[in-house]
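Visitor: Could you walk me through this model? I have plenty of questions ready.

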Amino acid sequence: MHPKVIRLGQIPREPPGYQPRSDLLQRLELTAHNEGLAIVQALTGLRGVGKTHLAAAYARKCLQNNWAVVAWITGESTEQIVSGLSVLASLLGVSDPDHDTATSARAARSWLETFDAPTLLVIDNAEIPDDVLPWIPTSGNTQVIITTNKHSFENAAQSINVSTFSTHQAIEYLTQRTGIEDGEGAQSLTQELGNLPLALAQSAWLIKIRGYTYAQYLQILKSTPVAEILRAPQGDTHPHGTAQTVLLAVEQVEALSDDPTPRKVLEVIALLPPSGVKRSTLSSVLLGVSPGKLDQALGDLADASLISYSVDRSTVLVHRLVQRIIRDHSAATGAIVSAGARIVRHFLNSQIPRDRSWENRAEGFQLVEQIAAASGHLQVPLAQRDENSSTALTRARIWSLRYLAEVGDAARAISAGESLVSDCLKLFGKSHSATLDSQHFLAHAYGDAGFKDKARIRHQELLESYREAYGPRHPEFDRARHCLASAYNNEGRTAEALALHQEVLESREESLGSDHPDTLASRHSLAHAYSSAGRHADAVSFHEQVLADRERIFGVDHYSSFEARSCLAAAYRKAGRMDDSLALHEKILDAQKILLGPDHPDVFDAREGLARALNAMGRNEDSVATLRSVTEDRCRVFGPDHLSHLSSMQNLASAIGASGHYAEAIDLYRNTLGDHERVLGSEHPSVLIVRQGLANVLSDAERHGDAIELQTSVLARYEEMLGSGHPRTLNAKHRLADAYYAANEFPRSLSLLRSVLDGRKRILGSDHPSTLETLHKLAHSLSGTGQKEEALELHQTLVTERERVLGKDHPATLSARHCLANSLSSMGQVEKTLQLRRSVLADQSRVLGRDHPSTLTSRHSLAHALTSAGRHSEGLALHREVLSERIRILGADHPSVLEAHRCIATALEDAGRTEDAISAQETTLRRHEEVLDAAHPAIFSMRYRLGMMYASNKQTGKAIVLLEIVLAHNRSVFGEEHISTLRVQHSLEKLSQSDRKVSARFPLVSSWIHRRRRERA
């Protein structure tokens, strides 16, 4: 006969805000029946995760289903278990007549083993398997549920691991308990509490009775020891506060093992990242603990659910709130100092050498994360109680800052540096060496991230601090001066950079000697300053000297030798020594691939250097292909949001635009701009640079309105950020002038260029390359407005100044002479033009080589000059030579090759060979349509030119068809009143006047012409 439902023990009631854990309850239900064998399940997990409430929910469900027996027994000791089973025996009527509790307990167990209806036995808060297992049934229809934080029960029971709430459950719980609808605030709080149900319950109670908002309570929680704020409220089913619950578990582990090692392990882990700590790190920190003892301690802690392991078992994990509780307790007892000293020693012993930074980046990032986490907990207590460890921790943080900069993680470097500087100023004062070093490396991090003005300001402020701390003759003061000089150079303040670099070099040669690494660094930086100032011969000389010295002192494979080699290759390119530059870049890349591997950042940089050299040689397609592969590889290695990948995207977009594929370049620039703004923020200097690049391509694509609008917005932003006289503001104004020039709005371009020229003379000096470039552009703008005599005078002045500053053979000087020839040609001075063209061509062939793109351009211009002089056969022959050479060097699809095709057609027309000219132009148009984007400006220019050739050859019908196409395009792109649109309109009007059949054959054109005439009238 089955008894009525027997209920034993105090089954916890459903708590307020209870979150049903349906998945876990379902697992309990699915295993509730197993014919002939008792089901034993262990709900395991950290104290406070809700194991008891889960078991209680299941017990209440069994009561509702009228299970014959639902017994709830406390399992913290054998005595409690035996006592509970004895009471059950009494309820079942099988208790021992002599009132022996053990005998009665066995009788209850036997009854459960033989009863055939479903019964439930819950052993709550069990501690030791050997205390529990002898007293539970092994057969029958009984389901036994054991709640415990000890994973050792898994050896005898089916384990169901109970973890913390999900984020959704935690937020829902807080909302129900507090009545506050603030999802964002609730999420921040649940994250701080690690979604631990016990902590959430005790927090919700305080929030409600004290009237806190989530934000207010979170602030209090972060600044108050957990033991003081997370206490058990009156009437709660859990007897202890959250901190007390965790510390009791620690005490039990320590008592059972009779060893302080488990506590020491927790004290160390509590100070390191919540993402977990490698076993190898624990071994390094706890040097005095044997591997066997450490493994034993980890096993004891895991058994007590105080730690867990990653999937690969290499990382030890601890709940973030448990970490906080252990830290609070360590701070109160003073144990945090000894634990912190061990950790700091580990940091100093684990630092990665600079030449291994990238190769060991996984270990490096792990160490950086550890240093960041530990410094937040240790910097103040160590400063108060252990000055040596505090200073050592600061040095570790400085290493972390430098490491992040070395591997190109500028954003994290700035974040780490700003925090470090703030702490150093508070703890050590402004003159302490640690404070100065942290500020020094933070300034460099700003520069690496593109904040050149912030970097320069930091270096300027630091200079006086170094002078006060060390005096004007100390190497540290020279280091500060050297870095300030480099910051000046990065901002375009080359005169100041040169003067300061020369002072530092002289000081270092005198105090350190000519072979000291710092002296070599000064020569290296001075070479860059010479290059920035346009003194390329001096730059090459210094770079060659630095390379020779570094190879002699450090060896050819040292990273500093590679740096010197790369800079020399760039200097060759800027000096016009293209073949030398390309050869050296190829040599660098081959060597670095072997030494560093294909995915090293320096190898990616070397590939970009090679792409620049290829572009300088006119090999645009090879350059673009190289940049595409670099961009793909950087994305694969670093991820799409890394600064180096964003930079590669920008460089690729620029190269694609330079090769004439404007539509692709514009799309890529827009995507790159969006990524820059998303990752870096709209105020970052790199974002403005990308906007300028996009504007340049829009201008090249003859989308002048869009280009001008974008350049105007960039200029306004620079003026707001830096002021009107800053070099970058002047550069932005110059780019806007370029955009107006490209749109044939010469008066506006002239006005802006005059302003830029005045500013650059004042800020940079009359001899600066940027100043001379503005003078160059101003001369071209004057030509555009018809002020040809003034333009000629400026071109002559530019040649004189570049010869004086850069030398007669400098590529920029040769370019100035080339433009002077253009100016002479525009004024009809044919013989002088021819004479200068030949002279420039001879010098470029000698300096740059016959195959250099600039040399080919000069031959191309000479061909035009011969044609203008009426020497058509010579001009046409030279044009054909240029076409052949460009195809050989650049490839058949290069924009310069297409230009050569166009010029041959024009030369044939100028020679009066109209039929041949039309045939050549038709072929050239087809090549343009095959190679370029459908909307490329050159295609419509070609159609217009071919249409005019048809018109001159009396092929009016063909002419009108082409001109209609061009007119529709110009009206949609430029508008009705644009000069390009008006020019096509005028040509159509002339055609209608010269051919009476137009009205009959092309009524739309005739109608349009009459409408335009009425509008003008």
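Guide: Gladly! Helices here are DSSP runs of H or I with at least four residues, numbered from the N terminus. With that in hand, T813 can be placed in helix α38, residues 811-826. Please keep in mind that the model is predicted.

Visitor: Is T813 buried or exposed?
Guide: Beyond four places in sequence, T813 touches V799, R802, E803, L806, G807 and K808. Its relative accessibility is 0%, and the cut-off for a buried residue is under 20%. T813 therefore counts as buried.

Visitor: How confident is the predictor overall, and what is the mean pLDDT?
Guide: Happily, 95% of the residues reach a pLDDT of 70 or more. Taken over the protein, the mean pLDDT is 87.

Visitor: Which helix has the lowest confidence?
Guide: At the high end stands helix α16 (residues 335-350), with a mean of 94. At the other end, a mean of 47 belongs to residues 998-1001. The pLDDT stays below 50 over residues 997-1006, a stretch with 13 contacts in the model beyond near neighbours in sequence. The helix with the lowest confidence is α47.

Visitor: What radius of gyration does the protein have, next to that of a compact globule?
Guide: For a compact globule of 1017 residues one would expect a value near 31 Å. The C-alpha trace spans about 135 × 85 × 50 Å along its principal axes. The radius of gyration of the protein is 40 Å.

Visitor: How many helices and strands make up the secondary structure?
Guide: Some context on packing may help here: buried residues make up 53% of the 1017 residues. Of the contacts with a separation of 6 or more, 63% join residues 24 or more positions apart. As for the secondary structure, it comes to 48 helices and nine strands.

Visitor: Which elements give two or more residues to the lining of the largest cavity?
Guide: The structure holds one cavity of 30 Å³ or more, and the volume of the largest cavity is about 40 Å³. Its lining is formed by L247, V250, R263, L266, E267, I326, H329 and S330. Those residues can be set against the helix ranges 242-257, 261-269 and 320-333. The elements you want are α11, α12 and α15.

Visitor: By class, what does the lining of the largest cavity have?
Guide: Among the lining residues are L247, R263 and S330. Leu counts as nonpolar, Arg as charged and Ser as polar. By class, the lining has four nonpolar, two polar and two charged residues.

Visitor: What is the phi of H99?
Guide: Most residues other than glycine have a negative phi. H99 sits in the loop between α3 (78-92) and α4 (101-114), and at 70% relative accessibility H99 counts as exposed. H99 is not a glycine, yet its phi is positive, near 65°.

Visitor: And S305, is that residue buried or exposed?
Guide: S305 also has a positive phi, about 60°, although it is not a glycine. Its place is the loop between α14 (291-303) and β8 (308-309). Because its relative accessibility is 8%, S305 counts as buried.

Visitor: Which residues are in contact with S581, leaving aside neighbours within four places in sequence?
Guide: S581 belongs to helix α27, residues 578-596. With 1% relative accessibility, S581 counts as buried. Its contacts are A569, Y572, R573 and A613.

Visitor: How far apart in space are F153 and G657, C-alpha to C-alpha?
Guide: F153 is in the loop between β5 (142-148) and β6 (158-161), and its relative accessible area of 1% makes F153 buried. Among its contacts beyond four places in sequence are A42, I128 and T148. G657 is 504 residues away from F153 in sequence. In space, the C-alpha to C-alpha distance between F153 and G657 is 68 Å.

Visitor: What separates G784 from L294 in space?
Guide: G784 lies in helix α36 (residues 769-784), and its relative accessible area of 33% leaves G784 partly exposed. G784 and L294 are 490 residues apart in sequence. Their C-alpha atoms are separated by 82 Å.

Methods: Residues are numbered from 1 along each chain as its sequence is written. This is a predicted model: local features need pLDDT of at least 70, side-chain atom pairs count only at pLDDT 80 or more; totals for chains, interfaces and linings use all residues. Side-chain values use heavy atoms; hydrogens and water are left out. On a 1 Å grid over the protein atoms alone, a cavity is a set of points where a 1.4 Å probe fits but cannot get out, and a pocket is an open set with protein on both sides within 12 Å along at least five of seven lines; lining residues have an atom within 4 Å of a point. Grid points are joined across faces, edges and corners, and a volume is the space filled by probe spheres set on the points. Buried means under 20% relative accessible area, exposed over 50%, partly exposed in between (1.4 Å probe, protein chains only). Contact means heavy atoms within 4.5 Å. pLDDT is the predictor's confidence in each residue, from 0 to 100. The radius of gyration is taken over C-alpha atoms; the globule rule is 2.2 Å times the number of residues to the power 0.38.
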